[in-house]
Amino acid sequence: MAHEGDASPEYHAVKIQQDELQWKEAYILAVVRKSLGNPAVVALANEHSVTRYRAVNMAKIAEAVPMAERNPSLTFYHYLIAFPTGEMQKWIDMAADNNWSPSQLRTAIEAEHGGGSDPESSIRKATHASRAMKTAVDETVGTPALKNVVERVTDAYEYAKQKAK
């Protein structure tokens with residue numbers, strides 16, 4: 001993942017765990033979508049304060065990207081950014097080849113599609129996200145709560161995987 005030298009090993013360990021959790025959540029949503037349809041995914045999204053759009057896209061990404069085909073140098077967020085373009089593999093390959101962070105990938109996609117965002121808005125969003133991530137990491141590093149969440153999501157993922165067979 002890009003910019004790994006910028007933070008502590010603990011931070012990176014948590015980021016890796018969070019990314020794995022996102023993938024597992026996506027695979028669970030994919031099983032739910034396949035078994036019960038989009039309304040069930042939307043109901044789960046509403047219960048867990050996730051937007052309908054994000055939950056359905058997470059399921060679609062998991063359906064489109066089998067575990068064995070994931071690029072280990074990229075995060076789930078890279079895939080989430082590239083998915084709506086309709087050219088996900090093209091953008092994933094470019095991000096991997098250029099060692100792009102998710103924000104660099106978003107910028108490249110916006111540049112190609114003639115988009116762009118208000119720089120002040122981007123700075124506010126980045127600052128907010130950075131603060132939120134630091135708070136989450138500070139609160140969870142080394143806590144039993146994080147280990148408990150990882151175990152629960154892993155158990156749910158394994159259960160859903162067995163049900164899909």
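Reader: What relative accessible area does Glu-87 have, and does that make it buried, partly exposed or exposed?
Author: This is a predicted model, in which local features need pLDDT of at least 70, side-chain atom pairs count only at pLDDT 80 or more, and totals for chains, interfaces and linings use all residues. Residues are numbered from 1 along each chain as its sequence is written, and side-chain values use heavy atoms, leaving out hydrogens and water. Buried means under 20% relative accessible area, exposed over 50% and partly exposed in between, with a 1.4 Å probe and protein chains only. The relative accessible area of Glu-87 is 31%, which makes the residue partly exposed.

Reader: Which residue meets Glu-87 in a salt bridge?
Author: A salt bridge here is a side-chain nitrogen of Lys or Arg within 4 Å of a carboxyl oxygen of Asp or Glu. At 3.7 Å from N to O, the partner of Glu-87 qualifies. That partner has 31% relative accessibility and counts as partly exposed. It is Lys-90.

Reader: Which three residues are linked in a network of salt bridges?
Author: Lys-90 also meets Glu-112, at 2.7 Å from N to O. Lys-90 lies in helix α5 and Glu-112 in helix α6, so the pair ties together parts that are 22 residues apart in sequence. Helices are DSSP runs of H or I with at least four residues, numbered from the N terminus. The network links Glu-87, Lys-90 and Glu-112.

Reader: How exposed is Glu-112, as a relative accessible area?
Author: Glu-112 falls in the partly exposed class. Its relative accessible area is 44%.

Reader: How far apart in sequence are the parts that Glu-20 and Arg-70 tie together?
Author: The structure holds four salt bridges. In one of them, the closest N and O atoms of Glu-20 and Arg-70 are 2.5 Å apart. Glu-20 is partly exposed at 30% relative accessible area. Glu-20 sits in helix α1 and Arg-70 in the loop between α3 and α4 (76-82), so the parts they tie together are separated in sequence by 50 residues.

Reader: Which helices do the buried residues of α2 pack against?
Author: The buried residues of α2 are Ala-40, Val-41, Val-42 and Ala-45. Contact means heavy atoms within 4.5 Å. The buried residues pack against α1 (9-36) and α3.

Reader: What is the angle class of α1 against α2?
Author: Axes are lines fitted to C-alpha atoms, for helices over the stretch in contact, and angles run from 0 to 180 degrees between N-to-C directions. The α1 and α2 axes are 7 Å apart, at an angle of about 140°. Angles under 35 degrees count as roughly parallel, over 145 as roughly antiparallel, 65 to 115 as roughly perpendicular and the rest as oblique. That makes the pair oblique.

Reader: How many nonpolar residues does the contact of α1 with α2 have?
Author: Leu-29, Val-32, Arg-33 and Leu-36 of α1 meet Asn-38, Pro-39, Ala-40, Val-41 and Leu-44 of α2. Ala, Val, Leu, Ile, Met, Phe, Trp, Tyr, Cys and Pro count as nonpolar, Asp, Glu, Lys and Arg as charged, and the others, Gly among them, as polar. By class, the contact has one polar residue, one charged residue and, as nonpolar ones, seven.

Reader: Which α3 residues make the contact with α2?
Author: α2 and α3 pack at about 125°, with axes 9 Å apart. That makes α2 oblique to α3. On the α2 side, the contact uses Asn-38, Val-41, Val-42 and Ala-45. On the α3 side, it uses Arg-52, Ala-55 and Val-56.

Reader: Which residue with a positive phi follows α2?
Author: The residue is in the loop between α2 (38-47) and α3 (52-64). Its phi is about 55°, although it is not a glycine. It is exposed, with a relative accessible area of 73%. It is Ser-49.

Reader: What is the phi of Asn-99?
Author: Asn-99 is found in the loop between α5 (88-98) and α6 (102-112). At 47% relative accessibility, Asn-99 counts as partly exposed. Though Asn-99 is not a glycine, its phi is positive, at about 55°.

Reader: What is the C-alpha to C-alpha separation of Tyr-79 and Gln-89?
Author: Tyr-79 is found in helix α4 and counts as buried at 2% relative accessibility. Leaving aside neighbours within four places in sequence, its contacts include Trp-23, Ile-61, Arg-70 and Met-88. Tyr-79 and Gln-89 are ten residues apart in sequence, and in space their C-alpha separation is 8.8 Å.

Definitions and conventions:
Helices (H or I, at least four residues) and strands (E, at least two) are DSSP runs, numbered from the N terminus.
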